[in-house]
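Colleague: I keep running into labels in structure descriptions and never know where they come from. Could you walk me through a few on this one?

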Amino acid sequence: MTTTAKKPLPRTSRKRTGRSTEEKVFGVIKWASIVFFMIITIFPLVYMIGVSFKPISELFRNPGSFLPSWNDVSSMETYREVLRPTDQGGQGFLLFLRNSALVGLATTAVTVFLAILAAYAAARLRFAGAKLVTWVILIVYLFPAVVIAIPLFVLFSKIGIRNSLYGLIIVYIAQTIPVALYMLRSYFQTVPAELEEAGLVDGLSRIGVLRRITIPLAAPAIAAVALYVFMIAWNEFLFALLFLTESRDLWTLPLGVQQLDNTEVPKTLLMAGSVIITMPVVVLFFLAERFLTEGLTAGGVKG
Amino acid sequence: MTSDTATKRRPPTLAQREARLGWALILPASLVVLVLVLFPLLWNISMSFQRIRLIELQTFNFLDFSDASLKNYERVISVADFWGTLRTTILYALMGTILSIGLGMWAALISQKPFRGRSLVRGFMLFPYVAPVIAVTFVWSLMLNPTFGVINEWLRNLGFQQVDFLNRENFVLNLFGWEVTLPLALTMVILFEAWRYFPFAFLFIMARLQALPASLDEAAMVDGATMTQKFRYVTLPQLRGVLSVLFLLRFIWTFNKFDDIFLLTGGAAGTEVIPVAIVEFLRARADLGSAAALSILLAIILALLMLVYFKWFYTEEA
């Protein structure tokens, strides 16, 4: 370092050289990290899809190769077997797909409807109960599902809806209302109150305002919430396991996939089942990624 | 009600009408939650004092408390290895939470500044969290399978012995003469937890990072702070709020997690956690009362841990 009359100059120049080596090191680390994250997230996906097409004999012969041949892909043999009904020697996944779609759609419709009403009241209307009720629902949101699983099992057995899709749908509605309510409430609060007041002045009722002003403005958020609720219902495993294990006709996809995990069924079929359950949610998620990630951080979705 | 009294009564004020509408709108959702969450919760407490077997479910009188006792609690603490299970549960929740937040923070820091393909990278990073748990647990167990899993094939090719990662309780590592015993299966489920839930932490930290004022960062740069210093003294303090919230949420959810361990190991090889034990009591032992008692214990322990956390560790958003 040379000493000059201008004091600050050598100081900053020394700092700059120091920083640049550090920046170089961090630059390398950064790209190495990105590669690392890409490998740990993409590899399991590639492996799952690759193995799902292969015949099991091939997996035994060479466990290291997970990419299927073109013939395996075009024949779709594993998928055919998984989807075929059980009386034709398959695994009956077509039925499970139908059950899962039914449960997911019914849960989504009811939850979103009830949550819109409640979230609007909590966000916009002034009344004594609003705070209390939202608080209670929030606490419920943090509550462990295993703690209520036993009494619900008993209750539903007693009134005879345990072995039905209705029982499952009712539980899923109760489990998803808190998060839907929470996410929608924070969104409704961002809708400018002036717009709603203008509607009221123009003679709309509160319900009219909700229907014609708030809901259209909140449409992206509502879509995101609906997608989340659907995904939660689609992925749910614990209650399906407790309620429906004995009735194969009513199984949802998670239960169907879990029952493929035994020594009699080839692991490649298990992977095909896993791909079938994964693809719809992953596709939906990528289609709506931006809404969803914003909604997620607003509501803190349980998982 | 006659028309006479109706006309005498003053019409409801705007505030009253609003309150009435508010209750009407919030009632259906609250009723569903009340009936299906709060009522079962209270009923669970009452069942935990009764001796209920699965076979006598249809004939059992739930209002009969003449035989009420603490026997279920004694049973769950003595029969199953309760303290060992509790230790595993806390270890699993704590390590899983810390690792997933650490990994999420790392991912958020490297993708903070724009680069080519960032949105694609971000999309892929969300995959573990978005994919159904049932699918990803089976992918992991197949990859880790000792005979035809890809990881063990790589290990064999590198000249190592194959390892049954998910079914082996302990693994003795020989580190330069030091023998370290690693709880192998438990480590694997913790790593799974970190892998599956880092995207959740990533999203939260990312959102916070993008909301930070750039002026502080620039001021630190002008003062000649290195990148490490900037992170330590400028960025990290501003993340404290979001990190505390994340820790809270992730810890609660991991503590109660049933699916992941049940599907990966079934609770074998030293990975039995309380939620898995609860379902075991119901499914394998057909003992409803004990399952209820254990779930009440789970809730109480969690509440105590939360109390400790709020008293000593929680920091509000700065």
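Modeller: Sure, let's start with a word we'll need: a residue is called buried if 20 or more other C-beta atoms lie within 10 Å of its own. Keep in mind that we're looking at a predicted model.

Colleague: Okay, then what makes A:Ala221 buried?

Modeller: A:Ala221 has 23 other C-beta atoms within 10 Å. The cut-off is 20 or more, so A:Ala221 is buried. You'll find A:Ala221 in helix H11 of chain A, residues 219–235. A:Met183 is 38 residues away from A:Ala221 in sequence, yet their C-alpha atoms are 8.2 Å apart in space.

Colleague: And how much of chain A counts as buried?

Modeller: 45% of its 303 residues. The chain has 15 helices and zero strands. Take the contacts in chain A between residues at least 6 apart in sequence: 71% of them join residues at least 24 apart.

Colleague: Now to pairs of helices. Why are H7(A) and H14(B) called roughly antiparallel?

Modeller: Helix H7 of chain A (residues 145–159) packs with helix H14 of chain B (residues 288–312) at an angle of about 155°. Angles over 145 degrees count as roughly antiparallel, so this pair gets that label. Their axes are 8 Å apart, and the crossing of H7(A) and H14(B) is left-handed.

Colleague: Which residues make that contact?

Modeller: H7(A) brings A:Val146, A:Val147, A:Ile150 and A:Val154, while H14(B) brings B:Leu288, B:Ala291, B:Ala292, B:Ser295, B:Leu298 and B:Ala299. The residues of this contact split into nine nonpolar, one polar and no charged.

Colleague: What about H14(A) and H7(B): how do you know how they are oriented?

Modeller: We use the angle again. Helix H14 of chain A (residues 267–287) and helix H7 of chain B (residues 133–143) pack at about 150°, with their axes 9 Å apart. That is over 145 degrees, so H14(A) is roughly antiparallel to H7(B). The crossing of H14(A) with H7(B) is left-handed.

Colleague: Which residues meet there?

Modeller: From H14(A) there are A:Lys267, A:Leu270, A:Met271, A:Ser274, A:Ile277 and A:Thr278, and from H7(B) there are B:Ile134, B:Ala135, B:Phe138, B:Val139 and B:Leu142. Sorted by type, the contact of H14(A) with H7(B) has eight nonpolar residues, two polar and one charged.

Colleague: What makes H7(B) count as mostly covered?

Modeller: Eleven of its eleven residues are buried. Among them are B:Val133, B:Thr137 and B:Trp140.

Colleague: How many residues does each chain give to the whole contact?

Modeller: Chain B gives 71 residues and chain A gives 86. On the chain B side, the largest share is 19 residues, from helix H2 of chain B (residues 14–47). That side divides into 58 nonpolar, ten polar and three charged residues.

Colleague: Last one: where in chain A is confidence lowest among the helices, and where is it highest?

Modeller: Helix H15 (residues 289–299) of chain A is lowest, with a mean pLDDT of 65, and helix H5 (residues 93–124) of chain A is highest, at 94. Chain A as a whole averages 84, and 89% of the residues score at least 70. Over residues 1–16 of chain A, though, pLDDT stays under 50. For that stretch the model has seven contacts beyond four places in sequence. Where pLDDT is low, the predicted coordinates should not be read in detail.

Methods: Residues numbered from 1 in each chain as written. Chains lettered and ligands numbered in written order. Predicted model: local features only at pLDDT ≥ 70, side-chain atom pairs only at ≥ 80, totals over all residues. Axes fitted to C-alpha atoms, helices over the stretch in contact; angles between N-to-C directions. Helix = DSSP H or I, 4+ residues; strand = E, 2+ residues; numbered from the N terminus. Parallel < 35°, antiparallel > 145°, perpendicular 65-115°, else oblique. Left-handed = near helix turned anticlockwise from the far one by under 90°. Contact = placed C-beta atoms within 7 Å. Nonpolar A, V, L, I, M, F, W, Y, C, P; charged D, E, K, R; others polar. Buried ≥ 20, exposed ≤ 12 C-beta atoms within 10 Å, placed from the backbone. pLDDT = per-residue confidence, 0-100.
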